[in-house]
Structures are given as C-alpha cells and as structure tokens.
Amino acid sequence: MRVTTDADVRRVFDRIADRYDDQRRAWERRLFPGSREWAVGQARGHVVEIAVGTGLNLPLYDAGTTVIGIELSERMLNLAPRRVAEAGLGARVELRQGDVQRLDLPDGIADTVLSTFTMCTIPDPAAAAREAYRVLRPGGRFVLAEHGPARNPILRAGMRLVEPLFVRFEADHLTRDPRPYVERAGFRIESVTRTARGVSFRVLAVRP
C-alpha cells in the first residue's frame with residue numbers, strides 16, 4: 001500500500017477544508033453518532049487536541065478545560081478561529097499549526113490528549129502516540145474516537161479492497177487499528193468500546 005507523507009496529508013486537507021465539516025457530519029451521523037461528544041466528555045483539565053482540524057470539537061468542551069489545538073493543514077486551521085469566536089471560548093483555546101508526530105510542547109504539560117478520527121491519517125501513528133505519552137503528566141488520559149477494521153470478515157475484506165483508493169485520495173487508512181500504537185507507546189488501555197459492526201472505536205487509555 002502507498003505510504004503517505006506529511007505533504008500528502010497537508011495537500012488532502014487543504015483541498016477539502018471548505019467542505020470538511022459537512023462531509024464529516026454526514027459520515028458521523030451514519031457510522032459514529034455521539035463519538036465526538038463521548039471523547040470530549042472524557043477530557044479533563046488542560047487538553048492537547050491533536051489534528052484539531054476546523055475545530056468541530058471545540059464547542060463541546062466544558063468550562064473547566066483549556067485546549068491547545070494542533071493542526072497540520074493551514075487551510076483547516078484558518079477555519080477554526082471562527083468556531084472559537086462563535087462559541088465564546090476566548091482565552092480557553094489556543095490554536096497552533098504543527099505536526100502531531102513532533103509536538104512543539106514541553107513534557108508533562110497535559111491532563112488529556114484527545115484524538116478524533118485522526119490516527120487513520122497520520123503518516124506515523126506510532127510517533128503520534130509516543131508524543132501523546134510524552135506531553136501527558138503521569139495519570140493523564142489519552143482519549144481516542146477512531147475507526148478501524150470491522151469485526152465482520154466480509155465487511156473487513158471490503159474495507160481492505162477499497163483502502164488503497166482511500167489512502168491515495170483521502171490519506172485515510174480504513175483498517176488501521178489504533179490500539180497497538182497506543183499500547184506500544186506505553187499507555188494502559190482502560191476501556192475499548194466498538195460499535196457499527198466493530199468499525200467504530202472508542203478508546204480510553206492512561207499514562208501510568
């Protein structure tokens with residue numbers, strides 16, 4: 001399968017930025033209802049959100065959290081401040097362009113690292129998981145709402161059949177299971193919930 005690079009991911013998301021919100025909402029209504037709300041509901045304290053995109057999650061955070069949102073695509077990130085302003089989030093949210101595989105953040109800065117539908121597109125998800133571990137304090141949470149390989153073997157085979165096209169045009173690895181990357185980074189997985197025939201993953205992990 002084709003190997004993606006940061007340049008590939010940036011190009012894809014710069015291209016789709018203006019229609020991203022509508023596309024995501026349509027897919028999520030069908031396959032992943034409530035996943036964003038669940039993920040943000042697990043967030044505590046100072047949050048680092050990786051691949052914050054256009055900021056779809058930002059209005060969901062409660063008043064007790066502060067957020068640093070990191071995004072590779074400049075065009076995606078340019079859309080997020082409007083959402084911050086509309087939600088009246090003000091100084092609680094800081095947006096930065098950057099690479100989640102090499103976070104420009106100090107060790108142990110975060111209480112929560114949050115990822116929603118991002119591990120599938122990051123060129124090196126193992127590096128992103130290690131960075132999440134590094135920036136979390138001991139006892140901090142890594143919260144992921146992702147997609148991955150279906151439980152049903154026929155559906156899983158179909159996903160693998162079309163996956164090269166999704167990787168080529170959307171930088172999206174359909175059957176990438178997020179759990180091995182999280183575990184190898186050193187996290188202790190506390191819970192995993194799979195729905196939509198196993199395609200939807202909700203993972204709560206803790207840095208020991």
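Trainee: Is alanine 171 buried or exposed in this model?

Mentor: The model is a predicted one. Burial is read from the relative accessible area, and a residue counts as buried when that value is under 20%. Alanine 171 has a relative accessible area of 1%, and is therefore buried.

Trainee: Where along the chain is the place of alanine 171?

Mentor: Alanine 171 belongs to the loop between H5 and helix H6 (179-184). Just after H5, this alanine takes a positive phi of about 55°, a positive value in a residue other than glycine.

Trainee: Which other alanine has a phi near 55°?

Mentor: Alanine 51 has a positive phi near 55°. Alanine 51 is found in the loop between strand E1 (46-50) and strand E2 (66-71). Alanine 51 is partly exposed, its relative accessible area being 25%, whereas alanine 171 is buried.

Trainee: What span should the 18 residues of helix H5 have?

Mentor: The general idea is to multiply the rise by one less than the number of residues. For H5 (residues 153-170), a rise of 1.5 Å a residue gives an expected 26 Å, and the end C-alpha atoms are 24 Å apart, which agrees.

Trainee: Where in H5 does a kink lie?

Mentor: The kink, of about 45°, is at valine 162, shortly before proline 164.

Trainee: Which residue caps the N-terminal end of H5?

Mentor: Asparagine 152 is the cap, with a side-chain oxygen 2.9 Å from the backbone nitrogen of isoleucine 154.

Trainee: Which residues of H5 are buried?

Mentor: The general idea comes from the helical repeat. An α-helix has 3.6 residues a turn, so residues three or four places apart point the same way. In H5, the buried residues include Met159, Glu163 and Val167.

Trainee: Let us turn to the sheet. In what order do its 7 strands lie?

Mentor: Strands of a sheet pair through backbone hydrogen bonds, in either the parallel or the antiparallel sense. Here the sheet is open, its pairing is mixed, and the order is E3-E2-E1-E4-E5-E7-E6. Strand E3 (93-97) and strand E6 (188-195) are the edge strands, each pairing on one side only. From one strand to the next, the twist averages 15°.

Trainee: How many bridges join E6 to strand E7, and in which sense do they run, parallel or antiparallel?

Mentor: E6 and E7 (residues 200-206) run antiparallel and are joined by 7 bridges. Within this pairing, isoleucine 189 has alanine 205 in E7 as its bridge partner.

Trainee: In which sense do E1 and E2 pair?

Mentor: E1 and E2 pair in the parallel sense, over 5 bridges; glutamate 49 has glycine 69 in E2 as its bridge partner. E2 and E3 also pair in the parallel sense over 5 bridges, and isoleucine 70 stands opposite arginine 96 in E3.

Trainee: Why is E2 described as largely enclosed by the rest of the structure?

Mentor: The description rests on burial: 5 of the 6 residues of E2 are buried, so this strand is largely enclosed.

Trainee: Across which strands does helix H4 lie?

Mentor: Helix H4 (residues 125-135) lies across strand E4 (110-116) and strand E5 (136-147), and runs at about 145° to E5. Alanine 126 is found in H4 and counts as partly exposed at 23% relative accessibility.

Trainee: What distance separates the C-alpha atoms of alanine 126 and valine 182?

Mentor: Separation along the chain and separation in space are read independently. Alanine 126 and valine 182 are 56 residues apart along the chain, while their C-alpha atoms are separated by 7.5 Å.

Key
Residues are numbered from 1 along each chain as its sequence is written. This is a predicted model: local features need pLDDT of at least 70, side-chain atom pairs count only at pLDDT 80 or more; totals for chains, interfaces and linings use all residues. Side-chain values use heavy atoms; hydrogens and water are left out. Helices (H or I, at least four residues) and strands (E, at least two) are DSSP runs, numbered from the N terminus. The bend at a residue is the angle between axes fitted to the seven residues ending there and the seven starting there. Buried means under 20% relative accessible area, exposed over 50%, partly exposed in between (1.4 Å probe, protein chains only). A polar contact is a pair of N or O atoms within 3.5 Å; within protein, one must be able to donate a hydrogen and the other to accept it, and residues adjacent in sequence count only if both atoms are side-chain atoms. Two strands pair if DSSP finds at least two bridges between them. Axes are lines fitted to C-alpha atoms, for helices over the stretch in contact, and angles run from 0 to 180 degrees between N-to-C directions. Contact means heavy atoms within 4.5 Å.
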